[in-house]
Amino acid sequence: MLARAVVVLCLAACGSAAAPPQEPAAKPAGQIPQVGETPPPEPFSQIEQPSSQSVATLAPIAGAPPDPEPVHEPLLDRLRDGDGKIAGMPGFAIKRMPSKKHCGGFEIVTTRGRRVAKHDEPLAAILDLEFPRALSFDMKRNDKRKASIRKFNAFVDKLTKVAGSTGKHYEAMRSGGGDAAVKVAAAARVAQMHMRLASLFARAPIPIDVRTGELAAEKIDAFCDALRDKAEPIQVLAEQAMADCAAMAKPVAAGWWNEVCVMP
């Protein structure tokens with residue numbers, strides 16, 4: 001019960017980023033929803049893709065093949081966030097650092113290049129996104145909890161805006177006229193965008209009040225499971241974009257996108 005309570009506390013942070021956070025109304029102990037009453041939302045239910053306002057951004061790009069068969073491999077085994085350079089982004093790289101303070105057991109450290117080509121700036125903006133640190137949902141520190149809710153909402157709002165503009169940018173490149181290689185590169189960038197977003201949620205830093213104290217292991221599982229549930233559909237979109245990119249790349253000469261548009 002304590003672990004579930006921690007996730008419920010996080011729920012307040014996952015509503016619409018445009019509205020100020022509100023304290024949930026308390027229900028009398030033992031009361032259950034009445035017939036016709038809307039049940040309470042599940043933890044993190046408001047950041048599914050992560051925003052309903054950017055469906056075009058986080059949906060497969062036009063021309064994508066039918067949805068693949070359900071994937072049964074664990075999400076953490078399918079994330080594309082291993083050590084190495086970021087394809088097509090000179091000076092950019094990621095490294096996995098073992099960490100008990102992050103979901104999935106690793107912190108993803110990003111090295112960013114100083115110079116970015118104009119058409120790569122939208123992906124660079126995605127790579128600049130980082131899940132907020134030092135959040136606290138300690139009921140005994142109401143001021144810190146409210147500040148954490150505002151901080152998390154600001155992160156979701158920024159992610160939604162950046163992902164929206166990035167998706168539109170690369171979809172215009174992919175669907176417009178011009179060189180076939182440019183279109184393949186744009187498709188690869190869409191896949192990379194989704195890869196990054198899935199990794200952000202699946203490798204989120206664990207708040208100190210979640211990973212310490214009574215029943216810490218149970219609280220960590222509840223917190224990280226809730227975030228993995230939201231990372232999973234984003235990872236599926238990444239895999240769909242990779243498959244689409246691979247199909248587009250067949251008649252095109254090899255390029256950096258070959259590192260992205262290959263299913264594991």
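**Entry 1: helices α6 and α8**

A helix axis here is a line fitted to the C-alpha atoms over the stretch in contact, and the angle between two axes runs from 0 to 180 degrees between N-to-C directions. I note at the start that the model is predicted. With the axis settled, I looked up α6 and α8. Their axes come within 8 Å and cross at roughly 165°. Angles over 145 degrees count as roughly antiparallel, and α6 and α8 are therefore roughly antiparallel to each other. I also noted the hand of the crossing, which is left-handed for α6 and α8.

Next I listed who makes the contact. On the α6 side I wrote down Lys183, Val184, Ala187, Ala188, Val190, Ala191, His194, Met195, Leu197, Ala198, Phe201 and Ala202. On the α8 side I wrote down Leu227, Ala231, Ile234, Gln235, Leu237, Ala238, Ala241, Met242, Cys245, Met248 and Ala249. Sorted by class, the contact of α6 with α8 has 20 nonpolar, two polar and one charged residues.

**Entry 2: helices α5 and α6**

I then turned to α5, which covers residues 142-175, and α6, which covers residues 180-202. The axes of α5 and α6 come within 8 Å, with a crossing angle of roughly 165°. That angle makes α5 roughly antiparallel to α6. The crossing in which α5 passes α6 is left-handed.

From α5, the contact takes in Phe155, Leu159, Ala163, Thr166, Gly167, Tyr170, Met173 and Arg174. From α6, I recorded Val182, Lys183, Ala186, Ala187, Arg189, Val190, Met193, Leu197, Leu200 and Phe201. By class, I have 13 nonpolar, two polar and three charged residues in the contact of α5 with α6.

I picked leucine 159 for a second look; it is found in helix α5. Is leucine 159 buried or exposed? Its relative accessible area is 1%, so I entered leucine 159 as buried. Along the chain, leucine 159 and leucine 197 are 38 residues apart, yet their C-alpha atoms are separated by 8.7 Å. Both residues are on my list for the contact of α5 with α6.

**Entry 3: the whole chain**

I stepped back to the protein chain, which has eight helices and three strands. In what pattern do they follow along the sequence? I read α-α-α-β-β-β-α-α-α-α-α. Of the 264 residues in the chain, buried residues make up 42%. I also looked up the contacts with a separation of 6 or more; residues 24 or more positions apart account for 71% of them.

**Entry 4: the sheet**

I followed the three strands next. They form an open sheet in the order β1-β2-β3, with antiparallel pairing. β1 (84-85) and β3 (106-111) stand at the edges, and each has a single partner strand, so one side of each lacks a neighbour in the sheet.

How many bridges join β1 and β2? I found two bridges between β1 and strand β2 (residues 93-98), paired in the antiparallel sense. In this pairing I noted glycine 84, which stands opposite isoleucine 94 in β2. β2 and β3 also pair in the antiparallel sense, over six bridges.

**Entry 5: proline 98**

Proline 98 lies in strand β2 and stands opposite phenylalanine 106 in β3. Leaving aside neighbours within four places in sequence, I found proline 98 in contact with Gly105 and Phe106. I also looked up isoleucine 108, which is ten residues from proline 98 in sequence and 8.9 Å away in space, C-alpha to C-alpha. I entered proline 98 as exposed because its relative accessibility is 67%.

**Entry 6: two loop residues with positive phi**

I end with backbone angles. Most residues other than glycine have a negative phi. I marked alanine 134, with a positive phi near 55°. Alanine 134 is found in the loop between α4 (121-127) and α5. Its relative accessible area is 73%, so alanine 134 goes down as exposed.

I also marked leucine 215, where phi is positive and near 55°. Leucine 215 lies in the loop between α7 (208-211) and α8 (216-249). Relative accessibility at leucine 215 is 42%, so I entered this residue as partly exposed.

Notes
Residues are numbered from 1 along each chain as its sequence is written. This is a predicted model: local features need pLDDT of at least 70, side-chain atom pairs count only at pLDDT 80 or more; totals for chains, interfaces and linings use all residues. Side-chain values use heavy atoms; hydrogens and water are left out. Helices (H or I, at least four residues) and strands (E, at least two) are DSSP runs, numbered from the N terminus. Angles under 35 degrees count as roughly parallel, over 145 as roughly antiparallel, 65 to 115 as roughly perpendicular and the rest as oblique. A crossing is left-handed if the near helix is turned anticlockwise from the far one by less than a right angle, and right-handed if clockwise. Contact means heavy atoms within 4.5 Å. Ala, Val, Leu, Ile, Met, Phe, Trp, Tyr, Cys and Pro count as nonpolar, Asp, Glu, Lys and Arg as charged, and the others, Gly among them, as polar. Two strands pair if DSSP finds at least two bridges between them. Buried means under 20% relative accessible area, exposed over 50%, partly exposed in between (1.4 Å probe, protein chains only).
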